[in-house]
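Welcome! Have a look at the model below, then work through the exercises at your own pace. Each one is followed by a worked solution.

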Amino acid sequence: MKIVLLGYGKMGQLIEKFALKRGHEILLIVDKDNRESTLANDLAGADVAIDFSEPAAAIGNISLCFEANVPIVVGTTGWYDHLQEIKSVCLEANQSLLYGSNFSIGVNVFFHVNRLLAQAMSPYKQYDVQVEEIHHIHKLDAPSGTAITIAEGILDHTTGKSAWINNVVGEGEELIPKPEELLIESHRIEEVPGTHTVLYSSEVDQIEFKHTAHSRAGFALGAVVAAEWLQGKKGFFQVTEMFDFNRA
Ligand SMILES: NC(=O)C1=CN([C@@H]2O[C@H](COP(=O)(O)OP(=O)(O)OC[C@H]3O[C@@H](n4cnc5c(N)ncnc54)[C@H](OP(=O)(O)O)[C@@H]3O)[C@@H](O)[C@H]2O)C=CC1
Ligand SMILES: O=C(O)C1=N[C@H](C(=O)O)C[C@H](O)C1
């Protein structure tokens with residue numbers, strides 16, 4: 001595949017390595033030096049674009065790819081308030097987009113089991129549930145996209161909780177969750193790649209369900225595999241659609 005990289009920071013550079021290893025070609029890199037001047041014409045000839053830029057840049061990059069008729073994989077988080085609007089544009093314009101808050105296999109298994117766990121816990125009202133995420137201090141968005149996906153999985157299966165709220169520990173005044181609110185607690189510590197924990201706590205015990213990324217390799221390889229998966233498909237997809245957990 002001929003790939004355009006939108007964003008060439010920590011993730012973009014690692015994705016380049018995995019893409020080359022898997023026999024792909026990097027056609028164009030769009031980053032701080034050329035992002036203002038990049039036009040749809042510059043993307044001509046690309047099979048796919050992979051966006052790991054920043055929350056404020058994602059929508060512009062998606063529009064650029066739609067204009068250029070180039071399928072796009074979006075790993076950038078923090079733009080999900082615009083998801084429905086982008087989905088409509090994508091479908092109306094017959095374009096291809098795959099997005100995911102987390103491309104690692106481990107986290108996608110975690111998403112699946114998180115839903116099963118929420119279902120199993122739903123009758124036991126003596127347990128309160130909370131999500132915790134830990135990331136590096138450079139992260140621009142909070143809560144993490146992964147934590148939002150986890151929270152949505154819990155909210156879908158937990159009666160009595162209707163929305164999530166977020167506290168970034170050490171930043172501003174901490175919100176006290178109401179019983180119907182699901183707390184996502186965010187921590188920003190040194191260079192942590194990404195740790196997510198779901199906690200069910202009662203007076204007598206606690207269940208901790210945790211995923212720890214040891215590096216960014218799982219995210220980067222997953223993004224390249226997602227770009228391969230998207231080839232020849234039209235429509236609006238989530239990374240979870242690449243996995244079939246019902247086989248086991
Ligand atoms: N879905 C997943 O599996 C994962 C998602 N992420 C998400 O990916 C995003 C990037 O993460 P990461 O690589 O760690 O961040 P970095 O800050 O290391 O890299 C982002 C890069 O994007 C550049 N950039 C900013 N605006 C644009 C633009 N309009 N077009 C192209 N490039 C632009 C930045 O340049 P400059 O510094 O000059 O502004 C920077 O080099 C984040 O939103 C993060 O949450 C991260 C890991 C996994
Ligand atoms: O910014 C990061 O680093 C990460 N962002 C994604 C998120 O917001 O969930 C995925 C991963 O946890 C790393």
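**Exercise 1.** Decide whether Asn69 is buried, partly exposed or exposed in this predicted model, and find what is unusual about the phi of Asn69.

*Solution.*
Step 1: Count the neighbours. Asn69 has 14 C-beta neighbours inside 10 Å.
Step 2: Apply the cut-offs. A residue is buried at 20 or more and exposed at 12 or fewer, so Asn69 counts as partly exposed.
Step 3: Place the residue. Asn69 sits in the loop between α2 and β4 (72–74).
Step 4: Check the backbone. Most residues other than glycine have a negative phi. Asn69 is not a glycine, yet its phi is positive, about 65°.

**Exercise 2.** Repeat the analysis for Glu190: where does Glu190 lie, and is Glu190 buried or exposed?

*Solution.*
Step 1: Glu190 belongs to the loop between β8 and β9 (195–201).
Step 2: Inside 10 Å, Glu190 has 8 C-beta neighbours, so Glu190 counts as exposed.
Step 3: The phi of Glu190 is near 40°, again a positive value in a residue other than glycine.

**Exercise 3.** Find which residues the cis peptide bond joins.

*Solution.*
Step 1: Recall the usual case. Most peptide bonds are trans.
Step 2: Look at omega. Between Ala142 and Pro143 omega is about -5°, and the bond is cis.
Step 3: Locate the proline. Pro143 is in the loop between β6 (128–135) and α5 (145–157).

**Exercise 4.** Describe the protein chain as a whole, from its elements to its overall dimensions.

*Solution.*
Step 1: List the elements. The protein chain has six helices and 11 strands.
Step 2: Compare with a globule. For 248 residues, a compact globule would have a radius of gyration near 18 Å; the protein chain has 19 Å, which agrees.
Step 3: Draw a box. Along the principal axes, the C-alpha atoms fill roughly 60 × 40 × 35 Å.
Step 4: Look inside. Of the 248 residues, 38% are buried.
Step 5: Turn to contacts. Among those between residues at least 6 apart in sequence, 66% join residues at least 24 apart.

**Exercise 5.** Split the protein chain into its domains and describe how they touch.

*Solution.*
Step 1: Domain 1 covers 2–103 + 216–242, while domain 2 covers 105–212.
Step 2: Their C-alpha centres are 27 Å apart.
Step 3: The contact involves 12 residues from domain 1 and 13 residues from domain 2.
Step 4: On the domain 1 side, three of the touching residues are nonpolar, seven polar and two charged.
Step 5: Turn to the record. An unreviewed UniProt entry lists residues 1–103 as "domain: Dihydrodipicolinate reductase N-terminal". Over residues 1–103 the chain is 35% helix and 21% strand, with the end C-alpha atoms 19 Å apart.

**Exercise 6.** Work out which residues come nearest to ligand 1, then look at Lys32 and Asp31.

*Solution.*
Step 1: The shell around ligand 1 holds 27 residues, and Gly7, Gly9, Met11, Lys32 and Ala57 come nearest.
Step 2: Two elements give two or more residues to this shell, α1 (10–21) and α2 (55–68). The largest share, four residues, comes from α2.
Step 3: By class, the shell has nine nonpolar, 13 polar and five charged residues.
Step 4: Lys32 lies in the loop between β2 (25–30) and β3 (48–51). Lys32 has 10 other C-beta atoms within 10 Å, so it is exposed. The unreviewed UniProt entry lists Lys32 under "binding site".
Step 5: Asp31 is also in the loop between β2 and β3. With 15 C-beta neighbours inside 10 Å, Asp31 is partly exposed. Leaving aside neighbours within four places in sequence, Asp31 is in contact with Gly7 and Tyr8.

**Exercise 7.** Identify the residues around ligand 2 and the domains they come from.

*Solution.*
Step 1: The residues are Thr77, Ser101, Asn102, His135, Lys139, Ser144, Gly145, Thr146, Gly194 and Phe219.
Step 2: Sorted by class, one is nonpolar, eight are polar and one is charged.
Step 3: Domain 1 and domain 2 each supply at least three residues to the shell around ligand 2.

Conventions
Residues numbered from 1 in each chain as written. Chains lettered and ligands numbered in written order. Predicted model: local features only at pLDDT ≥ 70, side-chain atom pairs only at ≥ 80, totals over all residues. Near = placed C-beta within 6 Å. Nonpolar A, V, L, I, M, F, W, Y, C, P; charged D, E, K, R; others polar. Domains from an automatic or database assignment. UniProt positions renumbered as here; feature names shortened; annotations may be inferred. Rg over C-alpha atoms; globule rule 2.2 N^0.38 Å. Contact = placed C-beta atoms within 7 Å.
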